[in-house]
Amino acid sequence: MASPTYLWAKILAYIEQRHNSVLVDTWFDDVDVVDLRDNILTIYTPNEYRKNILETQCMGYITEAMGANGLQGVKVQILDVDGLFEYSTRNRTVDELDAIRQEFTFDNFVVGSSNRFAHAAAEAVAKMPAEAYNPLLIYGESGLGKTHLLYAIANTIKADHPNYHIVYVKGDQFTNELIDAIKNGKNVEFRNKYRTADLFLMDDIQFIAGRESTQEEFFHTFNTLFEAKKQIVLTSDRTPDAMSKLEDRLKTRFQWGLLADIQPPDYETRVAIVEKKADNIGLNLPQDVVEFVANNITSNVRQLEGTVNRIKAYRDIDGMEINLTNISRAIKDMFRGKEKLLPTPDLIIGEVCAYYDLDESVIRGTARDKKTAEARQIAMYLIRTLTNLSQDDTGMEFGKDHTTVLHSERKMDRLMSTDTGIQTAVKEITANINSKL
């Protein structure tokens, strides 16, 4: 059989010829083939969101192309950065894998000028829960280490207080659980889960903004925990004041404690992160490779660590020699800007609905009230702005024709220059979309 790399090239060529080049350029441009063994084709993308799109929306194209190239019956496995790392370490001992799972600690967090204050605040909370800063809200862009500090607090408190009830949840997960509780009549169970916590951790608090029922439930959960002197730690991609849809009573409560920001790491910190990550996984990197990675990945700690994982995976899987020439060629796609990633219409519509607290069936339906019409027009505008979809394809998402989309675009263009409310809505929805890419 031909090499996996050659077969993957033929698969992409088939998809491009039978469908379109935009599909390949948008969703397959950073995909690498890893292996073909035991009737499983393993491919890799460094982005978790892209991986999800490939699995849910592009698998039919891949299967069709594989059949056309004599690969009937071959299954496809798609890995992200963590998956690739695990794939390359399956022969490790249980103890080594356990050590990887304990990675999110204060000892493994690289401190620099960009995160020193947040790190110190998190350590203080871990040492004196509900006494130092309560609540603690750590904010900054995606991939800078907010979740790492959240887990470090949890790991420290769990070690010092083994009987503590520790609860971790993401903002959108909190909403989904609340919806399920209301639907299934399990409100009491839902409240008991969160309001009996000794340590309450919520990641991405910005996703509850604009969701009236969620904010109401969270408000009472917050009050219950705070009055019981239980520690609350939150993360967000922006300050509370920058969330226009967040209720004022919640903004006020978040400011009772401490707001700590994390900025993108400077060069020295990036070098230290690469070196620390390499040491943690037993990888010896030449200094010129360390500097190359630190110079090219400048804004995202998660990408820095993922790049080191990927270098090790290439060495273990392909036997690649680690030198600057090989590394610069093998991981070039890790250096591409985030603007290369395009959101799906479903993601855009979902975030518009979350912002306006509407069900997707409403925005895709025929309701014409002011709130729904505004949300629908913003959704159409963002799909046209952030994706490659045509007016016809955009209209199909809502059961409309291209003239309706054109009308929405023109109206939004006018409002974006005159209406501060619309400007704020578009800005915040776009930020929520980008945080999920």
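Here are some short exercises with worked solutions on a predicted model.

**Exercise 1: the nonpolar core**

Find out which residues touch the most other members of the largest nonpolar core, then list the contacts of phenylalanine 28.

*Solution.* Start with the core itself: the largest nonpolar core has 49 residues. Those that touch the most other members are Trp8, Phe28, Leu41, Val352, Tyr356, Ile378 and Leu382. Now zoom in on phenylalanine 28, leaving out residues up to four places away in sequence. Its contacts are Trp8, Leu12, Ile15, Leu23, Arg50, Leu54, Cys58 and Ile62. As background, nonpolar side chains in soluble globular proteins tend to be buried together.

**Exercise 2: the neighbours of strand β4**

Work out how strand β4 pairs with β7 and with β8.

*Solution.* Take β7 to begin with. Strand β4 covers residues 136-139, β7 covers residues 231-236, and the two run parallel with 4 bridges between them. For one partner pair, look at leucine 137, which is bridged to leucine 234 in β7. Next, turn to β8, residues 258-261: its pairing with β4 is also parallel, over 4 bridges. Here tyrosine 139 has aspartate 261 of β8 opposite.

**Exercise 3: two residues and their exposure**

Decide how histidine 165 and arginine 414 should be classed: buried, partly exposed or exposed?

*Solution.* Begin by placing histidine 165 in the loop between α8 (146-160) and β5 (166-170). Its relative accessible area is 32%. The class "partly exposed" lies between the 20% and 50% cut-offs, so histidine 165 is partly exposed. For its surroundings, set aside residues up to four places away in sequence: histidine 165 touches Lys193, Thr196, Ala197, Asp198 and Leu199. Leucine 199 is 34 residues away along the chain, yet the two C-alpha atoms are separated by 6.5 Å.

Then move to arginine 414, in helix α21 (residues 402-418). A value over 50% counts as exposed, and arginine 414 has 51%, so arginine 414 is exposed. From arginine 414 to serine 213, the C-alpha distance is 32 Å, with their positions 201 residues apart in sequence.

**Exercise 4: a cavity and its lining**

Describe the second largest cavity by its volume and by its lining.

*Solution.* First, count: there are 2 cavities of 30 Å³ or more in the structure. The second largest has a volume of about 40 Å³. Next, name the lining: Gln206, Phe207, Ala209, Arg211, Glu351, Ala354, Tyr355 and Asn432. Sorted by class, this lining has 4 nonpolar, 2 polar and 2 charged residues. Finally, ask which helix gives the most to the lining. Helix α17 (residues 345-356) does, with 3 residues.

Key. Residues numbered from 1 in each chain as written. Predicted model: local features only at pLDDT ≥ 70, side-chain atom pairs only at ≥ 80, totals over all residues. Heavy atoms only, no water. Core = buried A, V, L, I, M, F, W, Y, C linked by side-chain atoms within 4.5 Å. Buried < 20%, exposed > 50% of the residue type's maximum accessible area, 1.4 Å probe, protein only. Contact = heavy atoms within 4.5 Å. Pairing = 2+ DSSP bridges. 1 Å grid on protein atoms, 1.4 Å probe; cavity = no way out; pocket = protein on both sides within 12 Å on 5 of 7 lines; lining within 4 Å. Points joined across faces, edges and corners; volume = space filled by probe spheres on them. Nonpolar A, V, L, I, M, F, W, Y, C, P; charged D, E, K, R; others polar.
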